[in-house]
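Work through the exercises below with the model open beside you. Try each task before reading its solution.

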Amino acid sequence: MSMESAQSEGSPGPRRPLEFDPERWLAAIVESSDDAIVGESLDGTITSWNKGAERIFGYTAEEAIGRTVKDLAWPGAEEHIEMLLGKLSHGERVQHFETLRKHKSGRKILVSLSLSPIVGDDGRVIGIAKIARDVTERTALQESLTQRTDQVRRLIEREAHARAEALAERRFHELIENAPDAIVQMDENGTIAIANKATEMLFGYDHDELIGSGFGLLVPEGQHDAQEEDRTSFVQVGGSWRMGQESDLRALRKDGTEFPVEISLSSITMERGVQVTAVIRDVTERRRSQEEVRRLQESYMAELQSRREEAERLNRVKSEFLAALAHELRTPLHTIGGFAELLNEEMEGTLTKAQKEFVQHIRQDSQHLLQLIDDVLDFSRIEAGGMQVRTEPLPLRDAMAEAVSAIQPHAEAKGVALQTSDPGDALVMADPMRLRQIFYNLLSNAVKFTATGGEVSVTATSEGGLIRVTVADTGIGISPDEQSMIFKKFYQVGYTPGGAGLGLAICKQLVEMQGGSISVESEVNRGTQFHFNLVKASAVTQVTG
Ligand code: ADP
């Protein structure tokens with residue numbers, strides 16, 4: 001019935017557009033859809049089949065309706081159908097499920113399924129509405145697009161790689177070309193394949209003359225065999241070699257001149273066989289400067305030797321002269337001292353007070369002079385290596401007592417107290433005469449530099465294998481600056497009458513010659529301590545009591 005007639009008949013109900021018929025309208029949509037729209041029962045039996053389904057699967061509605069969808073499955077994809085039917089019968093919806101189906105012609109098709117349950121009036125699922133879209137082409141398109149993209153990407157990568165390789169190769173060639181050393185690449189027979197600019201410059205050949213020539217071209221006649229042998233064994237052993245560092249390896253220029261070289265060889269195995277690379281360095285300059293250094297060294301050594309000999313000779317002359325002088329001086333000095341002694345004893349008649357005083361001066365000064373001469377003589381002997389020290393085990397107690405009694409008169413005369421501690425039975429390894437000399441020097445200095453009323457002491461302590469002897473005074477002291485100088489020869493703090501600044505220098509030498517060492521501690525205006533070590537005599541040689 002048409003709308004118009006319904007209206008003309010004046011029938012009740014809403015006014016509807018004349019042409020609207022929902023069922024036909026729906027049927028038209030279903031028929032015109034590109035997608036397959038299929039109705040199925042819950043067991044998969046096809047109940048409706050549109051034109052889209054016909055196009056996608058190849059079957060007409062007559063052929064399809066009544067058959068089961070399982071007939072349409074691509075072998076292996078049947079289980080999808082079971083699974084989907086299961087879901088749908090529970091009222092679930094399925095969206096865009098992709099699975100494989102078979103076209104009537106046997107062709108494989110990929111479909112994307114959207115499935116909805118059809119619910120009856122009682123709320124139970126009574127069927128399935130299915131929309132299937134053929135995505136075979138889309139997938140194929142996508143695949144081919146992916147393939148294309150991959151191809152393009154690979155091409156771009158290959159291109160970038162090739163560019164990088166070309167760049168690296170160009171850089172490498174530039175590097176070799178501009179290297180300061182001659183670089184030559186040859187095959188295992190020595191035929192040159194590559195030679196850089198430096199090779200041309202160093203050897204005087206053009207590039208073309210080098211390429212294809214044997215390496216022997218660059219080697220002097222006399223070294224041809226050795227060069228061949230070296231290369232052959234190098235090719236066998238491989239790795240890298242350096243030649244010419246110790247031996248005199250020479251290379252030959254085109255103009256026939258030779259020059260010294262160092263060669264580094266390295267090998268690589270390539271498709272066309274082993275390739276040997278030789279880096280050749282011209283060492284003319286280096287050899288020349290080495291030779292120059294050697295020559296300078298030689299002449300310096302010769303000069304040094306002749307100076308040493310001259311110094312030794314002069315020293316000998318000096319020592320001989322000093323010895324002779326000392327001898328010549330000592331004899332008259334002894335005479336002077338002896339006669340002054342006689343006068344002092346007044347055997348030849350009484351002296352006036354003034355005469356006695358003058359005689360005392362003569363005695364004292366001749367004593368000083370004798371001491372001075374002995375010091376000079378000792379030191380020149382030590383310097384010339386002519387001073388012998390013979391150590392033996394000595395009781396330290398005796399040595400100390402002897403030293404103290406020798407200096408006692410001087411101390412008493414000056415009003416300086418002299419103290420000593422008992423060192424016990426210690427035995428020291430010392431030369432008796434030299435030890436006496438050390439004690440005398442230190443003690444006479446101590447008395448000399450201590451004012452009346454002061455005190456001088458000698459003590460000894462045992463320290464491991466050593467005995468440490470200390471000569472201390474309460475005298476004028478020595479400033480820190482001067483403490484480091486006083487052991488040097490001819491050093492005096494200011495002018496000291498009766499000395500030559502040799503006493504402590506001699507003491508130092510003598511102590512060291514006996515295996516010990518000497519040091520000083522001092523404070524100005526408070527006093528000074530000289531310490532020296534002596535080696536203890538071993539227990540075997542000890543004498544007790
Ligand atoms: P010299 O034989 O001329 O005294 P020394 O080598 O024995 O020479 O001494 C060097 C200097 O060290 C002395 O001139 C003196 O100034 C200083 N000296 C040495 N012993 C003492 C001391 N006990 N107290 C202060 N000064 C000292």
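**Exercise 1. Locate E346 and describe its backbone and exposure.**

Solution.
- Step 1. E346 sits in the loop between α10 and α11.
- Step 2. This is a predicted model. In it, phi of E346 is near 60°, a positive value in a residue other than glycine.
- Step 3. Most residues other than glycine have a negative phi.
- Step 4. The relative accessibility of E346 is 29%, so E346 counts as partly exposed.

**Exercise 2. How do the axes of α10 and α11 cross?**

Solution.
- Step 1. Take helix α10 as residues 284–344 and helix α11 as residues 353–383.
- Step 2. Their axes come within 9 Å and cross at roughly 160°.
- Step 3. Angles over 145 degrees count as roughly antiparallel. Therefore α10 is roughly antiparallel to α11.
- Step 4. Sort the contact residues by class: 15 are nonpolar, 8 polar and 7 charged.
- Step 5. Add the hand: α10 passes α11 in a left-handed crossing.

**Exercise 3. Is H96 buried or exposed, and what is the sign of its phi?**

Solution.
- Step 1. Place the residue: H96 belongs to strand β3, residues 94–102.
- Step 2. Read its phi: about 50°, positive, although H96 is not a glycine.
- Step 3. Exposed means over 50% relative accessible area. H96 has 58% relative accessibility, so H96 counts as exposed.

**Exercise 4. Describe the contact of α13 with α15.**

Solution.
- Step 1. Helix α15 spans residues 503–513. The axes of α13 and α15 come within 10 Å and cross at roughly 145°.
- Step 2. The crossing is left-handed.
- Step 3. List the residues. From α13 come R434, Q437, I438, N441, L442 and N445. From α15 come G503, L504, I506, C507, L510 and V511.
- Step 4. An α-helix has 3.6 residues a turn, so residues three or four places apart point the same way. Check the listed numbers against that spacing.
- Step 5. Classify the residues of the contact of α13 with α15: 7 nonpolar, 4 polar and 1 charged.

**Exercise 5. Which residues of α15 are buried, and what covers them?**

Solution.
- Step 1. The buried residues of α15 are G503, L504, A505, I506, C507, L510 and V511.
- Step 2. Their cover includes two helices, α11 and α13. Strands β17 (518–523) and β18 (527–535) are also included.
- Step 3. Move just past the helix: G515 takes a positive phi of about 90°.

**Exercise 6. What does Q437 contact?**

Solution.
- Step 1. Q437 lies in helix α13, residues 432–448.
- Step 2. Buried means under 20% relative accessible area. Q437 has 16%, so Q437 is buried.
- Step 3. Find the polar partner: the side chains of Q437 and R434 make a polar contact at 2.7 Å.
- Step 4. Set aside neighbours within four places in sequence. Q437 is then in contact with D378, I506 and L510.

**Exercise 7. Which backbone oxygens does the side chain of N50 reach?**

Solution.
- Step 1. N50 lies in the loop between β2 (46–49) and α3 (51–57).
- Step 2. Its relative accessible area is 1%, so N50 is buried.
- Step 3. The N50 side chain reaches the backbone oxygen of V30 at 2.8 Å. It also reaches that of D35, at 3.1 Å.
- Step 4. Beyond four places in sequence, N50 is in contact with V30, E31, S33, D35, A36 and I37.

**Exercise 8. Trace the surroundings of K536.**

Solution.
- Step 1. K536 is in the segment after β18. With a relative accessible area of 28%, K536 is partly exposed.
- Step 2. Leave out residues up to four places away in sequence. K536 touches L427, V428, M429, S462, G464, G465, L466 and I467.
- Step 3. Pick out the polar pairs. The K536 side chain makes a polar contact with the side chain of S462 at 2.6 Å. A polar atom of the K536 side chain also lies 3.0 Å from the backbone oxygen of G464.

**Exercise 9. Where is G120 placed, and is it buried or exposed?**

Solution.
- Step 1. G120 is in the loop between β4 (108–119) and β5 (125–134).
- Step 2. Its relative accessibility is 17%, so G120 counts as buried.
- Step 3. Compare sequence and space: G120 and D208 are 88 residues apart along the chain, and their C-alpha atoms are separated by 98 Å.

Methods:
Residues numbered from 1 in each chain as written. Predicted model: local features only at pLDDT ≥ 70, side-chain atom pairs only at ≥ 80, totals over all residues. Heavy atoms only, no water. Helix = DSSP H or I, 4+ residues; strand = E, 2+ residues; numbered from the N terminus. Buried < 20%, exposed > 50% of the residue type's maximum accessible area, 1.4 Å probe, protein only. Polar contact = N/O pair within 3.5 Å; in protein donor to acceptor, adjacent residues only side chain to side chain. Contact = heavy atoms within 4.5 Å. Axes fitted to C-alpha atoms, helices over the stretch in contact; angles between N-to-C directions. Parallel < 35°, antiparallel > 145°, perpendicular 65-115°, else oblique. Left-handed = near helix turned anticlockwise from the far one by under 90°. Nonpolar A, V, L, I, M, F, W, Y, C, P; charged D, E, K, R; others polar.
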